[in-house]
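Good morning, everyone, and thank you for making time for this. I would like to walk through one protein slowly, beginning with its overall form and ending with a single strand.

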Amino acid sequence: QVQLVESGGGLVQPGGSLRLSCAASGSIFRINAMGWYRQAPGKQRELVAVITSSDSTDYADSVKGRFTISRDNAKNTVYVQMNSLKPEDTAVYYCYGAVQTTQGYEARYWGRGTQVTVPS
């Protein structure tokens with residue numbers, strides 16, 4: 001079993017910053033890509049940012065220049081630093097990891113989500 005747990009969400013004023021963390025634990029041999037998605041009320045889940053095992057990154061156009069994804073492989077943790085937050089960033093943020101398990105298979109695991117609210 002593999003678990004991912006997000007933390008760091010909350011209420012922040014426009015222009016403010018938040019840092020989300022997501023720690024993976026369990027039967028992990030290696031984690032390949034890790035990333036963040038978000039889902040706003042009434043909208044589909046969308047990719048926010050992704051980071052590969054070689055630290056290549058990619059971002060949604062809507063967050064480029066404002067969000068920075070990073071990871072700590074020793075801690076099996078992925079972060080996203082969110083600056084210059086806007087009301088349209090309000091959503092539940094979910095992390096995921098493409099995990100190679102100690103049982104020898106790879107699967108994508110998800111966290112349960114953390115709420116980020118930026119009031120208008």
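Before any numbers, one term: the radius of gyration used here is taken over C-alpha atoms, and the rule for a globule is 2.2 Å times the number of residues to the power 0.38. Please keep in mind that what you are looking at is a predicted model.

The protein has 120 residues, so a compact globule of that length would have a radius of gyration near 14 Å, and the protein has 14 Å, which agrees with the rule. Along its principal axes, the C-alpha trace spans about 45 × 25 × 25 Å.

What is the chain built from? There are 11 strands and zero helices, and from the N terminus on, the elements run β-β-β-β-β-β-β-β-β-β-β. If we take the contacts between residues at least 6 apart in sequence, 55% of them join residues at least 24 apart.

Turning to the surface, 44% of the 120 residues count as buried, and the accessible surface comes to about 6300 Å², with 46% of that belonging to carbon and sulfur atoms. As for charge, the protein has 12 positive and 9 negative charges, and their mean positions are 3 Å apart.

Finally, let us look at strand 1, residues 2–7, where the side chains alternate. Which of them are buried? Val2, Leu4 and Glu6 point to one face and are buried, while Gln3, Val5 and Ser7 point to the other and are not. Strand 1 pairs with strand 3, residues 18–26, in the antiparallel sense over six bridges, and Ser7 stands opposite Ser21 in strand 3.

Terms used: Residues are numbered from 1 along each chain as its sequence is written. This is a predicted model: local features need pLDDT of at least 70, side-chain atom pairs count only at pLDDT 80 or more; totals for chains, interfaces and linings use all residues. Side-chain values use heavy atoms; hydrogens and water are left out. Helices (H or I, at least four residues) and strands (E, at least two) are DSSP runs, numbered from the N terminus. Buried means under 20% relative accessible area, exposed over 50%, partly exposed in between (1.4 Å probe, protein chains only). Contact means heavy atoms within 4.5 Å. Accessible areas come from the Shrake-Rupley method with a 1.4 Å probe; for residues, only the protein chains shown count as cover. Lys and Arg count as positive and Asp and Glu as negative; His and the chain ends are not counted. The place of a charge is taken as NZ of Lys, CZ of Arg, CG of Asp or CD of Glu. Two strands pair if DSSP finds at least two bridges between them.
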